[in-house]
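Good morning, colleagues. Please turn to the structure on the screen, which I shall introduce briefly.

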Amino acid sequence: MVKRMIIKIDEEKCTGCGKCVAPCAEGAIQIINGKAKVVSEELCDGMGYCIGICPEGALSIEERHTVEFNREKAESQPKKQDLSIHCFQCGAGEDTHYLMPLRHNMESMWVCTRCLPRLIHG
């Protein structure tokens, strides 16, 4: 066991919308019985891309003792594509552009790296 950062899901707040599944490139999160679950702690890299996308604020990150992150196992997971993930500015999807989660005015959205500078600098 090692001490590291890992995702924590508040089942009381989770509505099971599934918006956190695709941003987890390692495949650590799945919807089970209508709720988001970390299915394998060794797949969670603790980066937290899923946190900002949760509309209910059900995800957080905490430091705790758990198994070590397994990069090889994470990289071997099937990639999940979510067609609803696209840049809110230009509409580009993750198949053509790099996308980043963004939170503005209490709303979670995605922005591509081409639109981000325009958003920052106006």
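Which domains does the domain assignment give for this protein? The assignment gives domain 1, covering residues 2-76, and domain 2, covering residues 81-121. I should say at the outset that the model before you is predicted.

Let me begin with how the two domains are placed. The C-alpha centres of domain 1 and domain 2 are 21 Å apart. At their interface, 6 residues of domain 1 contact 7 residues of domain 2.

How much area do domain 1 and domain 2 bury between them? The figure is about 530 Å², and 68% of it lies on carbon and sulfur atoms. On the side of domain 1, three residues deserve your attention: Ala22, Gly52 and Ile53 supply 62% of the area that this domain buries against domain 2, more than any other three residues.

I turn now to the chemistry of this interface. Between domain 1 and domain 2, the count of salt bridges is 0. The count of residue pairs in polar contact, with both residues at pLDDT 80 or more, is likewise 0. As for the residue classes, the side of domain 1 that touches domain 2 comprises 5 nonpolar residues and 1 polar residue, with no charged residues.

Finally, I would draw your attention to a pair of strands. Strand E2, residues 29-32, pairs with strand E3, residues 35-38, in the antiparallel sense over 4 bridges. Within this pairing, Ile29 has Val38 in E3 as its bridge partner. The two strands, E2 and E3, form a hairpin with 2 residues between them. In the turn, Asn33 has a positive phi of about 50°.

Conventions
Residues numbered from 1 in each chain as written. Predicted model: local features only at pLDDT ≥ 70, side-chain atom pairs only at ≥ 80, totals over all residues. Heavy atoms only, no water. Domains from an automatic or database assignment. Contact = heavy atoms within 4.5 Å. Buried area = accessible area lost by both parts, 1.4 Å probe. Salt bridge = Lys/Arg side-chain N within 4 Å of Asp/Glu carboxyl O. Polar contact = N/O pair within 3.5 Å; in protein donor to acceptor, adjacent residues only side chain to side chain. Nonpolar A, V, L, I, M, F, W, Y, C, P; charged D, E, K, R; others polar. Pairing = 2+ DSSP bridges.
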